[in-house]
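Trainee: Could you take me through one part of this model slowly? I would love a close look at how two helices meet.

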Amino acid sequence: MTTDGWLADLTARIAAEVRKHRNHLGMTGPEVAEACGRLGVPLPNNMIANLESGRRGSLKLEELLVLAKVLKVPPVSLIFPLDDRPTVELLPEMDVPSWEAASWFTGEEQLTTAAPAGSPRAALDAFREHQVAVETALLSTEQAVTRRLQAPRARNPEIAAQLIRQAEEFERIASRDYDVLKATRDQLRAQGLRPAPLPDELDFVDDPDDKENATP
């Protein structure tokens, strides 16, 4: 496919996804355009109709991003939707499996070796690892707290004792999770990256110096 044909196909694919998700939300084209304007990217009221009808042959990056936000879908889902199409033209004359295109776009394609230190992909992998550490620590904390709270409410002494034992085990697990989370955050900082702020429940994981350095 020529470059022009590839661009037309890409725009048509995005337009079809915009229509699908717009209809799913029960929004009209002008309502979508108005919502985009409220997010700081004004769109003409007829822009959605022109896009979906094929009269609009391309999209600007900011338009793609704000449409994805309004339609409550990841931008990649508009560009490389995972549907019944087994392949998609990633670039002109470059057909690849749909998932391969989507994972390339999001930086999740499978690597045979670790990404080079300092590379954009290494940074993405590090932040994904950090998110896993945060969610794991939150989960173990919640499990420990829940069992601590439920134990006094149990009328059966054996059940109460079991809940206490489970709470103590989850507290040990949570303690290890906190150590992993702190180490992960320290590694991010060592690479010159700034980890995202922690949820209030995990704020204690950071040292005071780390919090001070994180202040813009």
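**Where two helices meet**

Mentor: Happy to! In this predicted model, helices H1 and H4 cross in a left-handed sense. H1 covers residues 3–25 and H4 covers residues 61–71. Their axes lie 10 Å apart, and the helices pack at an angle of about 25 degrees. Angles under 35 degrees count as roughly parallel, so H1 is roughly parallel to H4.

Now find the residues that touch. From H1, the contact is made by Ile 14, Val 18, His 21, Arg 22 and Leu 25. Facing them from H4 are Leu 64, Leu 67, Val 70 and Leu 71. Sorted by class, the residues of this contact are seven nonpolar, one polar and one charged.

Keep Ile 14 and Leu 64 in view, as they lead us to the largest pocket. Both are among the residues nearest the centre of that pocket, together with Leu 10, Leu 59 and Ile 79. The pocket has a volume of about 240 Å³, and 18 residues line it.

Which elements help to build this lining? H1, H4, helix H5 (75–79), strand E1 (87–91) and helix H6 (98–105) each give two or more residues. The largest share comes from H1, with five residues. As for the character of the lining, 15 of its residues are nonpolar, two are polar and one is charged.

So as you turn the model, start at the contact between H1 and H4, then follow Ile 14 and Leu 64 towards the centre of the largest pocket.

Methods:
Residues numbered from 1 in each chain as written. Predicted model: local features only at pLDDT ≥ 70, side-chain atom pairs only at ≥ 80, totals over all residues. Heavy atoms only, no water. Axes fitted to C-alpha atoms, helices over the stretch in contact; angles between N-to-C directions. Helix = DSSP H or I, 4+ residues; strand = E, 2+ residues; numbered from the N terminus. Parallel < 35°, antiparallel > 145°, perpendicular 65-115°, else oblique. Left-handed = near helix turned anticlockwise from the far one by under 90°. Contact = heavy atoms within 4.5 Å. Nonpolar A, V, L, I, M, F, W, Y, C, P; charged D, E, K, R; others polar. 1 Å grid on protein atoms, 1.4 Å probe; cavity = no way out; pocket = protein on both sides within 12 Å on 5 of 7 lines; lining within 4 Å. Points joined across faces, edges and corners; volume = space filled by probe spheres on them.
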